[in-house]
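Trainee: Could you take me closely through one loop of this model, and then work outward from there to whatever surrounds it? I would like a connected account rather than a list.

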There are 2 protein chains.
Amino acid sequence: MVARINEQTTVVLDGKLISMEIRSKIAAKVRQMKKGLGKVPGLAVILVGQRRDSQTYVRNKIMACEEVGIKSLVTELPTDCAVTDVQNAIMRFNKDPSIHGILVQLPLPQHLDEEKVLDAVCLEKDVDGFHPLNMGNLAIRGREPLFTPCTPKGCIELLIRSGVEIMGKKAVVIGTSNIVGLPASLLLQRHHATVTVIHAFTQNPEQITSEADIVVSAAGVPNLVRGNWIKPGAAVIDVGTTPVEDPGCEDGYRLAGDVCYEEAVKVASIITPVPGGVGPMTVAMLLCNTLDSAKRMLNFS
Amino acid sequence: MVARINEQTTVVLDGKLISMEIRSKIAAKVRQMKKGLGKVPGLAVILVGQRRDSQTYVRNKIMACEEVGIKSLVTELPTDCAVTDVQNAIMRFNKDPSIHGILVQLPLPQHLDEEKVLDAVCLEKDVDGFHPLNMGNLAIRGREPLFTPCTPKGCIELLIRSGVEIMGKKAVVIGTSNIVGLPASLLLQRHHATVTVIHAFTQNPEQITSEADIVVSAAGVPNLVRGNWIKPGAAVIDVGTTPVEDPGCEDGYRLAGDVCYEEAVKVASIITPVPGGVGPMTVAMLLCNTLDSAKRMLNFS
């Protein structure tokens, strides 16, 4: 693991570098698969509407696929499409044997029922791990989901690769989203952390957070987590990526994390920057899930 | 709600009495259904092996069904039966239109794969709520499970009926079982409590518990929760029912809760006794889930 050490010997995790390491291993395995079977993993992405952030995320995922040799297909649908249009696109990929992972970029336009869309993805290709059966199997002890959601999986991977012990540690997850907060809390529990989930109704979140050895923040509120929220020596994983206006930046805005970095970096022992922390790990975990899916379907180890 | 008030004005919740109230409402609804449709809800129970505690639990459930007019069927299978025998029994009930709820009494004999057995119960009749799809839908925000597991549902019902506010309160769940601990933590989160789950690897569980406004203990360790674990005024729900030898008792043993009752009753504002607290509520919630299932299937409101 490569990291920059600042004067407080805080390790700033370089998610880009770590994800590159992971991606290079995936690329090697994909080459091996191609050589052995004449096949490569395939990922289908469905993008509905014209959200700029979603378009950027999808583009990044496609580029990452290309780089490691995973085949990718994108279906773009107009904002005003019907739920059946999205379902039909999913069904086509469900049946396509060259596709091993299907991803619907969220959020969907408001008029589309997310539940009906996500439930259409066949379980064996649900590389985002958002299907309720995968989530149930993530929650239930003694069961294994086919896929673990990419962002929380990336958070845990960062912790493990940094040598952070999780078992028996106090962990706080800030945010209860289905995409990050919920699966992150379930995953940390699987690793035997003592987990508290903090949300909008929590009283004294700063006090609760300041007792945690591990903080995973996924609230989407810039600068929510101040320096005095952090226990000295804690590991801080910042999942927030909120666009905030910044005339000094190229596009007129920059991505802001949940954590007040300048303050937290003086207190934490390990911290992820935004951007360049969790973001690249999410993409790497998506590739990882797609490869795992192809290995499972093609019976290749 | 009827309760006994002791000298510290601690309310001791009488689960028997509260459950009787619930059962009488269920009985009225069942009579109404019988009158209107000529049909009653039906519950099928599958009991594998000769465990005495399981036999007692099943007997209690059957008696409770009879009392409210729910039809019940029990299939008993020998300890050494095959997993296919249990699955076949389940399949029969899945197809039986007079059955609206199917329950497999746990624990199963060790050689039987619990996952394979529970997954055979059709989702619409899973009145225990243990199917991973029901658990996933309990965990995921914005979704609704068809059924919520009976014991945690009973715990929440006790809290609500006692006027305990859950939203924004600190809650601790002790124990991570799939049957109680996990769904209890998910349910409390649904009610917007700030939930911490405590388990065998948790450090300083007493300190964490002593900060909680609501304690749900389902560890199965008699006298684990001592008086100094309880925050003054907290609501304490004791799910533990561990048989401990007691020559003074009829059968030579008595059921012990997780909470050291004599100590906790002096500190808590609300407490459930063992037996007579959560236990009767579990049975009432099972009847409730079976009735709800019949109403849904027969389109009766």
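Mentor: In this predicted model, B:Pro107 sits in the loop between strand 5 and helix 4 (114-118) of chain B. The peptide bond that leads into this proline, from B:Leu106 to B:Pro107, is cis, with omega near -5 degrees. Most residues other than glycine have a negative phi, and most peptide bonds are trans. The loop is thus worth following in both directions, back to the strand and on towards the helix.

Going back, strand 5 (101-104) of chain B is an edge strand, as is strand 4 (71-77) of chain B, each of them pairing on one side only. Both belong to an open sheet of three strands in chain B, whose order is 4-3-5 and whose pairing is parallel; from one strand to the next, the twist averages 15 degrees. The partner of strand 5 of chain B is strand 3 (residues 42-48) of chain B, and the two are joined in the parallel sense by four bridges. One residue pair in this arrangement is B:Leu43, which has B:Gly101 of strand 5 of chain B as its bridge partner.

Chain A also has an open sheet of three strands, with the order 4-3-5 and parallel pairing. Here strand 4 (71-77) and strand 5 (101-104) of chain A stand at the edges, and because each has a single partner strand, one side of each is left without a neighbour in the sheet. Neighbouring strands of the chain A sheet are turned against each other by 15 degrees on average, direction ignored. Strand 3 (residues 42-48) and strand 4 of chain A run parallel and are joined by seven bridges, with A:Ile46 finding its bridge partner in A:Thr75 of strand 4 of chain A. Helix 2 (residues 52-68) of chain A packs on this sheet, touching strand 3, strand 4 and strand 5 of chain A, and its direction makes about 170 degrees with that of strand 3 of chain A.

According to UniProt, in an unreviewed entry, residues 13-128 of chain A carry the feature "domain: Tetrahydrofolate dehydrogenase/cyclohydrolase catalytic". That span is 50% helix and 16% strand, and its end C-alpha atoms lie 24 Å apart. The unreviewed entry also gives the annotation "domain: Tetrahydrofolate dehydrogenase/cyclohydrolase NAD(P)-binding", which covers residues 149-296 of chain A. Residues 149-296 of chain A are 34% helix and 19% strand, with their end C-alpha atoms 17 Å apart.

Going on from the loop instead takes us towards the contact between the chains. B:Glu115 forms a salt bridge with A:Arg143, in which the closest N and O atoms are 3.9 Å apart. With the chains exchanged, A:Glu115 forms a salt bridge with B:Arg143, and here the closest N and O atoms are 4.0 Å apart; this pair runs from helix 4 of chain A to the loop between helix 5 (132-139) and helix 6 (150-161) of chain B. Between chain A and chain B the count is four salt bridges, while over all chains it comes to 22.

As for the interface as a whole, 36 residues of chain A are in contact with 36 residues of chain B, and the two chains bury about 3,000 Å² between them, 54% of it on carbon and sulfur atoms. On the chain A side, A:Arg143, A:Thr194 and A:Phe201 lose the most area to chain B, together 19% of what that side buries. Across the interface, 13 residue pairs are in polar contact. The elements that give two or more residues to the side of chain A that touches chain B are helix 4 (114-118), helix 5 (132-139), helix 7 (181-190), strand 7 (194-198) and helix 8 (205-209) of chain A. Of these, helix 5 of chain A gives the most, with six residues.

Two further loops, both in chain A, deserve a similar look at their backbone. A:Asn204 is found in the loop between strand 7 and helix 8 of chain A, and its phi is near 50 degrees, a positive value in a residue other than glycine. A:Pro275 lies in the loop between strand 12 (270-271) and helix 10 (278-298) of chain A, and the peptide bond that reaches this proline from A:Val274 is cis, with omega near -5 degrees.

Definitions and conventions
Residues are numbered from 1 along each chain as its sequence is written. Chains are lettered from A and ligands numbered from 1 in the order in which they are written. This is a predicted model: local features need pLDDT of at least 70, side-chain atom pairs count only at pLDDT 80 or more; totals for chains, interfaces and linings use all residues. Side-chain values use heavy atoms; hydrogens and water are left out. Two strands pair if DSSP finds at least two bridges between them. Axes are lines fitted to C-alpha atoms, for helices over the stretch in contact, and angles run from 0 to 180 degrees between N-to-C directions. UniProt positions are given in the numbering used here, feature names are shortened, and annotations may be inferred rather than shown by experiment. Contact means heavy atoms within 4.5 Å. Buried area is the accessible area (1.4 Å probe) that two parts lose on being put together, summed over both. A salt bridge is a side-chain nitrogen of Lys or Arg within 4 Å of a carboxyl oxygen of Asp or Glu. A polar contact is a pair of N or O atoms within 3.5 Å; within protein, one must be able to donate a hydrogen and the other to accept it, and residues adjacent in sequence count only if both atoms are side-chain atoms.
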